[in-house]
Amino acid sequence: MSSAAEQEAVQEGRAPDGEAREGRAPEGGVREGHSPEGGVREGHAPESGVREKRLPDGVLPAPLVNGSRRPAPAVAVWPGAPTPLGARFRVGPDGVAGTNFALWAGGAEAVDLCLFDERDGATHETRVPLTELTHEIWHGFVPGVLPGRRYGYRVHGRWDPWTGARWNPAKLLLDPYARAVDGDFSLPPEVYGHVRDWPQQHVADTVRDDRDSAPYVPKGVVVQDDDDWSDDHRPKTPWADSVIYELHVRGFTRLHPGIPEELRGTYAGLAHPAAIEHLVALGVTAVELLPVHQFAHEDHLLRRGLKNYWGYNSIGYFAPHAGYAAAGTTGGQVGEFKRMVRALHAAGIEVILDVVYNHTAEAGELGPMLSLRGIDNRGYYRLQSDARRYADYTGCGNTLHVVQPHVLRLITDSLRYWVTEMGVDGFRFDLAAALARSMHDVDMLSPFLAVIAQDPVLRRVKLIAEPWDVGSGGYQVGAFPPLWTEWNDRYRNAVRDFWRGALPDVRDLGYRLSGSSDLYAWGGRRPYASVNFVTAHDGFTLRDLVSYERKHNEANGEGNRDGTDDNRAWNCGVEGETDEERVRALRRRQLRNLLTTLLLSTGVPMLVAGDEFGRTQRGSNNAYCQDNEISWVDWSLLEEPGWRALFDLTSRLIALRHRHPVLRRRAFFSGRAHSVDGLRDLAWFTARGAEMTERDWYAPAGTLGMYLSGRDIPGRDARGAPVVDDSFLAVLHAGDRPAGFVLPGPPWAHRYEVVVDTSAEEQGVSPGVVHRAGVTITVPARSVLLLRVVE
C-alpha cells in the first residue's frame, strides 16, 4: 500500500476498497487488542493513543491519559467532599457559593467534570478534572456553579470489553445522582461506546467509538435544595384501609377537559383540582404512578417512530422525568413534582412510585453508553462468566448488581431521597425478585432486603413487590418477608377465570376472596400483604377484558408477537366493539361483577385509571409504546350514562369498604366459632344454603356464598374498644342462567337486606329489598348479590 489514497484508508480504519477494515473502527473508532477471532484479547492493554480529536472552543489541550486527551481546567476547583454523592449546591469555604460534585467510579483512572453553558447561540463545554479521590469517589467543589447549571462526566479507563472494562471518555455520562435532567435522549451512533454499525455485528461491542456524544445526550442539572416539607401532612393511611389507583401522569391528564391545556400531561396537571376531584369522588387513598424516574427510549422504538410510554427504562434514579413537567427542564420539574405531592396529600391521597431498579436504559452489550456503563461497567452490572455479556434477569438486556455495596447505596439513597426530599409515601418495585438475588438465586436474606428492613426511613413507608423476574426461580409470589406487600397475580387469574367460567372448582377462588392465607399467613404477615388486582397497566384494560379474547398489538410494529397470549379473557361472544346491545349490556354487567368482586375481597384492592368508567385500549394488551389515544384516559366516557353508572357503582363500593371494617380486616379469618351460638368469622355456603363440605370445594360450581361476620373482628379501635360491624353475605354466580340460592338461617341471620345487585344497571343508594332467612331467592345470571344481615 503506497498510494496516498491507500494510506488515508488505513488511517481511517477502511480497507483500500472502501470497506471497513477489521481491527479498526470507522469515523474515529478504535479496535484494541485484535484477536484472530475478530475480538479483543482478554487482558490486552489499550493502545498508547487514539486519533486526536478537535476540542471544543475555549478548552486547552492537555497531556494524554490512557490514550485520551484531558483538557486543562478553565475554572477553579477546590477539594470539596466525597459525600453526599451527586451535585449539591452549597456555600463553601469563605462563604463562596458553589457546587460540590462527587462521583463513585471505582475502577476509573481519571474523571472529568464537564460544565455546559450557552454563549453566542452555541453550547460550550468546560472540562474540569476531579483530582481528589476518597474511597473510590472522585470529588471537587467548583466555586460559582449555581443551580440551573448543566453538567456531565467523562470517565477515563481501560477499553477491554472481554474483561468487562468499557471506559470511553469520548462519551458524556449522566450523573447517576443527578436531581434534574435537561434534554431528550436520542440514540444516534455517537451515543454508543462501541461502533454501533460495525460490519461484524458479533464483535461490534468490542470496537470503541471515539466520537463525542455530548451534543446528543441530556445533561444533569444542579438543583437547589431548599424545602423542609414543614407545611406538608402525610395521610399515613394504614395498609388495611388502602385503595390503590394505578395511573400514568401523562395518560391520566392528557385529555382531561377540566385541566388547562398547558398543564395536561404533567405533574401540575395531576395536581390540578379537576384531577384531584375525580380521585376524591372515587374514594381511592393512594395513587401508584407509573415510572417517573428519568427514562430513555429504546433504539428499536425510535427507529419505528415510537417512544417508550410506560417509562420502564430508567436512567436517572433521582430525577423526575422531565417530559412530564410544565415548569421547564432545568430544575423546574423538581419543584413541580413536590407541589403535586403536596396537593395530593392535602386531599388525603398518598403517592406511591413504581420504580425500576432492576435494570437501566443502557440495555445489553450492544446498547448505548449513557451513564453507569461508562462510569464502571463491571462495578454496576451483573456480568456473565464471559464478561462481555450481561446477566439478564429482567428481559431488558442488563441487571443491576445489587450485591455490590455502591449499587445498593445508589438504590437506597434514591429511595430515601424520594421519601425525605420529594415527599412520596411508598414504592412498587418492578421485578423485585431481581433485586432479591444474591449472586445468582433469589434470596429472601439478600443484602437488598436486609438493608430495607433495617433502614429507619424506608421500613416505615409502603413497599410493594412485583414478586417475580424472568430468571430461573424468579417467581416468588408469597415469599417476600413480612415488611412487604405483593402484587398477587394468583388473585387476578382466579377472579378472571371464575367470571369467564374457566375454574374447575372454587377452591382457589375461596382463598383469593378471603385474603390468600395460603400464600401470606406466615411470619406475621397479614391479609394486606396481598395487593389484589384484576387488571394492571400491563395487559388488557377491564373493558377490553370482556370485549376481546385475543391481543391486538399491531400498532406496536412487532407483528403482534409482543404481549402475553394468556389473557384469561372472554369477549361475551363478539371480538371487539359491537353495536349489538345484548352483548354490550352483558359486558357492562361483567365489569360490575369484576369490580364488585375486587372491592369486596380481603386484601388491598388496586384499580387502574379509567377502568371505573370503561377505558379501552382497542384490544392492545401491551401499550407500552403508545403515547396516544390508545393509552390516554378518555374522559368523555363519563358523559355516557352506562359508563357513568359504572363509575357510580365503583365509588359506592369503595365508600362501602371504607365504612365497614369487616371488608378490610387486619388479620386472617380463623374459620372457627368464637361465640356460644356457633357463629364463625367466615363461612362458605352452597346454593342449597348449606355450609360447604370438603367435597363441595372440589366439585365444579358456578355459585359461591361467602358469609363475613362483623362480630369477631380481631383488634381494637383507637380507644381500645372491640371493633364490631355489620355482617354480610356475598353471593357470586357466574352461570349463564338464573339460579336459586337458599339464604342461611339462624345463627347466621334472620333477615337479609340487598345492598348491591350487579344485574341492575343503575344501583340504588336507598335501602334495598329485605328477604327472610331460609327462603330461596333468585340470583340473576352472571351477577353478584351483596346482602347485609338485618337482626
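**A walk through strands, salt bridges and a charged patch**

Let us start at aspartate 413, which counts as buried because its relative accessibility is 18%; here buried means under 20% relative accessible area, exposed means over 50%, and partly exposed is in between, with a 1.4 Å probe and protein chains only. The model is a predicted one, in which local features need pLDDT of at least 70 and side-chain atom pairs count only at pLDDT 80 or more, while totals for chains, interfaces and linings use all residues. Residues are numbered from 1 along each chain as its sequence is written, and side-chain values use heavy atoms, with hydrogens and water left out.

Aspartate 413 has a partner: a salt bridge joins this residue to arginine 409, with 3.4 Å between the closest N and O atoms. The term salt bridge stands for a side-chain nitrogen of Lys or Arg within 4 Å of a carboxyl oxygen of Asp or Glu. Both residues sit in helix α8 (residues 405-420), and because they are four residues apart there, about one helical turn separates them. Helices (H or I, at least four residues) and strands (E, at least two) are DSSP runs, numbered from the N terminus. Arginine 409 is partly exposed, at a relative accessible area of 31%.

How many salt bridges does the structure hold? There are 59 salt bridges. Side chains of opposite charge can pair when their charged atoms come close. In one such pair, glutamate 125 meets arginine 127 with the closest N and O atoms 3.0 Å apart, and both of these residues are buried.

Another salt bridge brings together the side chains of aspartate 681 and arginine 665, at 3.7 Å from N to O. Both lie in the loop between α16 and β26 (682-685), so the pair ties together parts that are 16 residues apart in sequence. Aspartate 681 is buried, with a relative accessible area of 2%, and arginine 665 counts as buried at 2% relative accessibility. Elsewhere, salt bridges link Glu581, Arg584, Arg588, Arg592 and Glu761 in a network.

Now turn to strand β20 (residues 350-355). Why is β20 largely enclosed by the rest of the structure? Six of its six residues are buried, so the strand is largely enclosed. In a regular strand the side chains alternate between the two faces of the sheet. In β20, Glu350, Ile352 and Asp354 point one way, Val351, Leu353 and Val355 point the other way, and all are buried.

β20 also has neighbours to pair with; two strands pair if DSSP finds at least two bridges between them. Strand β17 (residues 286-289) runs parallel to β20 and is joined to it by four bridges, with alanine 286 having glutamate 350 as its bridge partner. Strand β21 (residues 426-429) pairs with β20 in the parallel sense, over four bridges, and here aspartate 354 is partnered by arginine 428.

Further along the chain, isoleucine 777 is found in strand β34 (residues 776-779) and counts as buried at 6% relative accessibility. The C-alpha atoms of isoleucine 777 and alanine 687 are 9.9 Å apart, although the two residues are 90 residues apart along the chain.

Finally, glutamate 629 takes us to the loop between β25 (604-608) and α16 (641-659). This glutamate is partly exposed, at 46% relative accessibility.
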